[in-house]
Amino acid sequence: MSDGDSFVDPEFQKSWAGAKSAGVVRGAHQFFRPQQYPVAQADLLIKHMGALDVGDLSPVLDVEVSDGVSGATIAARVGQWVSHIKAKTGRTAIIYTAPGFWNGLGTKSYGADALWVANWGVSCPSMPSS
């Protein structure tokens, strides 16, 4: 749906409305840019997604690049994004990441937030250690 605090998929609104009219479960994700203000990123997603309907998936944050930002700062900014999404939508965010990247942040999970683990081409997926 979006990348950072400014890019929005030009087809998003059409796809979002089309999924709803077709009765398909909808979900929106945002590619996280650690060097950008997390609340502005979350607000962009919320603005274009609008109010979630019953049955819509919770917003997803795609966390997979550092963009030169320290692990501790990334973890803190992900926490800000997650908290803002919860405050504005009432939903618990889903964090999409890979075990190697997430473990490198030196962070713990965000409580009840769901972790969507990317493990491609493996016979036995691994989970982040934290």
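In this predicted model, the largest nonpolar core comprises 22 residues. Ala-28, Phe-32, Val-63, Ile-74, Val-78, Trp-81 and Ile-85 have the most contacts inside this core. Three helices each supply at least two of the core residues: α1 (12-22), α2 (38-49) and α3 (71-89). Of the elements, α3 gives the most, with five residues.

Apart from this core lies another. This other core has five residues, including Val-60, Ile-94, Tyr-96 and Ala-98.

Ala-28 was examined for its partners beyond four places in sequence. On the N-terminal side of the numbering, Ala-28 is in contact with Met-1, Phe-12 and Trp-16, among others. Its further partners include Leu-45 and Met-49. Ser-58, Pro-59 and Val-60 are also in contact with Ala-28. Val-60 is itself one of the residues of the other core. Phe-12 and Trp-16 fall within the range of α1 (12-22), whereas Leu-45 and Met-49 fall within that of α2 (38-49).

The secondary structure comprises four helices and six strands. From the N terminus on, the elements follow the order β-β-α-β-α-β-α-β-α-β. Contacts in the protein were also sorted by sequence separation. Among those between residues at least 6 apart in sequence, 65% join residues at least 24 apart.

Burial and surface were computed for the whole protein. Buried residues account for 42% of the 130 residues. The accessible surface comes to about 6800 Å². Carbon and sulfur atoms contribute 56% of that surface.

Conventions
Residues numbered from 1 in each chain as written. Predicted model: local features only at pLDDT ≥ 70, side-chain atom pairs only at ≥ 80, totals over all residues. Heavy atoms only, no water. Core = buried A, V, L, I, M, F, W, Y, C linked by side-chain atoms within 4.5 Å. Buried < 20%, exposed > 50% of the residue type's maximum accessible area, 1.4 Å probe, protein only. Contact = heavy atoms within 4.5 Å. Areas by Shrake-Rupley, 256 points an atom, 1.4 Å probe, with all protein chains shown as cover.
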